[in-house]
Amino acid sequence: FIRFSLDAKVGYNRTFGLHSLNGTVQYLQESYVPMGRNMSRKWQSYMVTAGYNFSNTYFLDLVLNQSGTSVLSEGDQFRTYPAVSLSWILSNEKFMKKLDFINLLKLRASWGRSGNDNIAYDLDKRYWVETGGFMVQNPPVNPAGGGGLHPGTLAISDLTIEVADKYNLGLDAQFFNRLYLTADVFYDQRKDILVGSNNLISSVIGTGVPSQNIGRIHSKGADLSLSWKDVYHKDFKYYVGGTLSFLRTSIEENGQGYQPYDYLYQKGDEYGQCRGLEAIGYFKDQDDIDNSPKQVFSEVRPGDIKYKDQNGDGRIDDYDQVRIGYSTILPRIYYGINMGFEYKGFGIDVTFQGIGKISKMLDVQSVYWPLRNGNSNLSTWYLNDKIRWTEETKDIANVPRLTTLNNANNFRSSTQWLENGAYFKLRNLNVYYKLPQKWTDAMKINECQIYVRGNNLFSLDHIKYMNCEDFSINYPDMTSLFLGLNINF
């Protein structure tokens with residue numbers, strides 16, 4: 001592949017009295033040309049920034065970016081992306097000077113627009129594409145087949161790219177020269193997302209229906225960071241800190257089209273919302289099957305999963321899928337804890353990290369779905385950790401019966417296989433010792449550190465036998481240990 005980048009910038013900066021001005025004019029041109037057809041990307045942008053502050057207390061910054069992308073229609077390839085931010089350092093005000101325990105207190109507000117051009121080429125064009133052939137009689141030999149073409153998917157009119165308007169309010173603070181605080185609340189509105197529209201337009205049109213720039217999704221949340229750093233009796237220094245983020249997304253438009261029941265609409269769902277059937281137990285016997293709504297996915301027998309009939313039509317089918325759990329992609333909660341100390345050269349650094357309010361579907365066949373599709377594995381999870389359905393355990397079973405036959409009814413997305421994806425992990429542990437300065441001076445080096453480091457040392461989660469972050473059966477959750485020597489000259 002070939003990458004090319006040209007960047008030219010002119011800046012201005014001047015201070016006069018209590019006033020300060022700065023600004024830049026920038027031109028940027030980039031291209032990326034990998035192997036393959038219609039894979040290259042080209043960008044061109046013109047950007048102007050301007051900043052003003054008064055008495056290092058009030059700040060105003062403006063950005064205007066005119067940016068173009070090669071994936072848009074010729075003659076309509078540029079879009080405008082403005083941004084503005086305001087900040088006020090209250091701790092520089094005269095009325096705050098008496099509060100000497102406040103080292104920094106800053107309020108921030110900003111709005112900006114960005115774009116995402118990660119879409120395919122030529123969506124604004126319609127091409128002839130290959131179609132089914134036809135037979136040509138050619139005596140005295142047998143008829144021969146001939147190829148054919150027909151008009152492909154309709155072109156997208158007024159093609160554009162996804163844009164996001166981002167709003168943010170923030171606070172930065174420092175107290176006692178030891179306590180540091182950063183807090184933000186934000187709201188993002190994404191629109192013009194390219195989504196399929198087959199469900200919005202009837203197939204009677206007789207040709208391929210193009211996607212449309214009608215998708216919309218918004219997200220809102222808050223971020224908090226808090227830390228304390230201090231030195232005690234010169235030889236002992238320590239720190240402790242944490243971060244906490246909350247994120248909530250909501251789909252406003254996704255091109256889903258008409259649905260016969262309100263609960264089938266995905267508008268209002270979180271991004272990546274888990275959906276499936278609501279499991280309400282297991283069929284006890286044939287009478288239970290005969291007196292229950294018909295489940296159409298496959299023939300059911302005693303011990304198979306029984307699902308709730310959400311619409312009361314006497315059938316269990318795809319129309320009975322509802323929201324279950326949370327998103328399987330984006331957790332609502334992120335958090336982290338970091339702490340450490342150093343005493344006379346010996347130190348420890350620790351980092352914990354975790355997530356919450358996220359769902360996982362136990363869809364690894366060899367572990368949670370045994371004897372399925374020719375798979376001969378039968379896991380300890382199914383045999384020992386769970387109580388499989390049998391005639392003797394029918395009243396206390398929590399997983400369906402075992403069968404060597406394919407069972408489309410039991411292995412569907414449902415609350416049966418829904419699991420809490422939250423975890424708390426020790427990501428990093430670093431134990432080190434710095435040789436005394438008089439030793440390193442004698443060896444003519446600036447610093448020498450011996451260390452032992454560990455990654456992913458333990459995890460508290462709800463997923464047994466598998467990495468709760470990745471259900472791939474190729475590798476387990478890897479724990480790494482390193483012993484090293486770091487010398488600086």
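Let's start at Tyr-52, which you'll find in strand β3. Keep in mind as you look around that this is a predicted model. Tyr-52 has a relative accessible area of 30%, so it counts as partly exposed. It also has company: together with Tyr-12, Phe-16, Leu-21, Leu-60, Leu-62 and Leu-86, Tyr-52 makes a nonpolar surface patch of about 580 Å². Two strands that each put at least two residues into the nonpolar patch are β1, covering residues 2–16, and β4.

Strand β4 turns up again at the largest pocket, so that's a handy next stop. This pocket has a volume of about 220 Å³. Its lining is made of 17 residues, and the ones closest to the pocket centre are Trp-43, Ser-67, Gly-68, Tyr-81 and Asp-117. Which strand gives the most to that lining? It's β4, with 4 residues. Strands β2 (19–33), β3 (41–54), β4 (58–69), β5 (78–89) and β6 (102–116) each supply at least two lining residues. If you're wondering about the chemistry of the pocket wall, the lining breaks down into 9 polar, 5 nonpolar and 3 charged residues.

Now for the charged pairs. The structure holds 23 salt bridges, and a few of them are worth a look one by one. Take Arg-190 and Glu-162, a salt bridge whose closest N and O atoms are 3.1 Å apart. This pair ties together distant parts of the chain: Arg-190 belongs to strand β10 (residues 179–195) and Glu-162 to strand β9 (residues 162–175), with their positions 28 residues apart in the numbering. How covered are the two partners? Glu-162 has a relative accessible area of 15%, which puts it under the 20% cut-off, so Glu-162 is buried. Arg-190, at 30% relative accessibility, counts as partly exposed.

A second salt bridge joins the side chains of Asp-230 and Arg-178, with an N to O distance of 3.0 Å. Here too the link is between distant parts of the chain, 52 residues apart: Asp-230 is in strand β11 (residues 212–232), while Arg-178 is in the loop between β9 and β10. Arg-178 is partly exposed, because its relative accessibility is 32%.

For a third one, go to Arg-401 and Asp-304, whose side chains meet in a salt bridge at 2.8 Å, N to O. These two residues are 97 residues apart and both come from loops: Arg-401 from the one between α2 (380–385) and β22 (418–420), and Asp-304 from the one between β15 (294–295) and β16 (305–307). Are they buried or exposed? Both Arg-401 and Asp-304 are buried.

Salt bridges can also join up into something beyond a single pair, and Arg-108, Asp-172 and Asp-184 show that by being linked in a network.

Back in strand β10, there's a backbone detail to check at Asp-192. Phi of Asp-192 is near 60°, a positive value in a residue other than glycine. That deserves a second glance because most residues other than glycine have a negative phi. Asp-192 counts as partly exposed, since its relative accessibility is 25%. Tyr-465 also has a positive phi, near 75°. Tyr-465 is placed in the loop between β24 (447–461) and β25 (480–488), and with a relative accessible area of 47% it is partly exposed.

Finally, let's see how sequence separation and distance in space compare for two pairs. Asn-430 sits in strand β23 (residues 423–434) and counts as buried because its relative accessibility is 14%. Asn-430 and Asn-455 are 25 residues apart in sequence, and their C-alpha atoms are 8.9 Å apart in space. The other pair begins at Thr-440, in helix α3 (residues 437–442). Thr-440 is at 1% relative accessibility, so it counts as buried. How far apart in space are Thr-440 and His-462? They are 22 residues apart in sequence, and the C-alpha to C-alpha distance is 48 Å.

Notes. Residues numbered from 1 in each chain as written. Predicted model: local features only at pLDDT ≥ 70, side-chain atom pairs only at ≥ 80, totals over all residues. Heavy atoms only, no water. 1 Å grid on protein atoms, 1.4 Å probe; cavity = no way out; pocket = protein on both sides within 12 Å on 5 of 7 lines; lining within 4 Å. Points joined across faces, edges and corners; volume = space filled by probe spheres on them. Nonpolar A, V, L, I, M, F, W, Y, C, P; charged D, E, K, R; others polar. Patch = residues over 30% accessible without salt bridge, like charges linked within 9 Å, V, L, I, M, F, W, Y side chains within 5 Å. Areas by Shrake-Rupley, 256 points an atom, 1.4 Å probe, with all protein chains shown as cover. Salt bridge = Lys/Arg side-chain N within 4 Å of Asp/Glu carboxyl O. Buried < 20%, exposed > 50% of the residue type's maximum accessible area, 1.4 Å probe, protein only.
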